[in-house]
Amino acid sequence: MSDETYAGDLTPKQTWEMLAENPDAVLIDVRTEAEYAWVGTPDLSSLGKDALNVPWKMFPDMALNPDFVDHVSGAAPGKDTPLMFMCRSGVRSLQAAEAMTKAGFTKCYNLAGGFEGKHDDNGHRGTVNGWKVDGLPWRQG
């Protein structure tokens, strides 16, 4: 194994392309249930897929999910399955990609910018980068 802690960062559009081109590729949304219920989730239905929702941290105390690696491992066809991790802005998803790489998975990617992206100059998300800003399909509720 190399010194790299995960396979690298992908933009939301690169993530969409990988999901479309590789039938085994999996998008794992690591946000809390409260986040994806309130803010929305990626809509992969046109690809015949669903995002897998496995929180990296548990609401409300934000403790690490002790079952995270087991849940994701159970959803991946193999250790070479492309796994793309997404959170709100790309921080927790990076940690999740590193954890799954450490668990022996070889193609763990961080979705840079996440679902909502980083803050703009006014402290708001959803205007700079991320899944929603890139115009990719999503649903709410």
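Colleague: What covers the buried residues of α4?

Modeller: This is a predicted model. Helix α4 spans residues 92–102, and its buried residues are Arg92, Ser93, Ala96, Ala97, Met100 and Thr101. Residues three or four places apart in an α-helix point the same way, because there are 3.6 residues a turn. The cover over the buried residues of α4 includes α2 (33–38), β5 (57–58), α3 (68–75), β7 (83–86) and β8 (108–111).

Colleague: Which strands stand at the edges of the sheet, and why is one side of each left without a neighbour?

Modeller: The sheet is open and has five strands, paired in parallel. Their order is β1-β8-β7-β2-β4. Each edge strand has a single partner strand, so one side lacks a neighbour in the sheet; these strands are β1 (8–10) and β4 (52–53).

Colleague: Which residue of β4 is the bridge partner of Ile28?

Modeller: Strand β2 covers residues 26–29 and pairs with β4 in the parallel sense. Two bridges join β2 and β4. In β4, the partner of Ile28 is Leu52.

Colleague: What angle does the direction of α4 make with that of β8?

Modeller: Helix α4 packs on the sheet, where α4 touches β7 and β8. The angle between the directions of α4 and β8 is about 180°.

Colleague: How many disulfides does the structure hold?

Modeller: A disulfide needs two cysteine sulfur atoms within 2.5 Å. The sulfur of Cys108 is 15 Å from the closest cysteine sulfur, in Cys87, so the gap is too far for a bond. Cys87 is buried at 1% relative accessible area, and Cys108 is buried at 0%. The number of disulfides is zero.

Definitions and conventions:
Residues numbered from 1 in each chain as written. Predicted model: local features only at pLDDT ≥ 70, side-chain atom pairs only at ≥ 80, totals over all residues. Heavy atoms only, no water. Buried < 20%, exposed > 50% of the residue type's maximum accessible area, 1.4 Å probe, protein only. Helix = DSSP H or I, 4+ residues; strand = E, 2+ residues; numbered from the N terminus. Contact = heavy atoms within 4.5 Å. Pairing = 2+ DSSP bridges. Axes fitted to C-alpha atoms, helices over the stretch in contact; angles between N-to-C directions.
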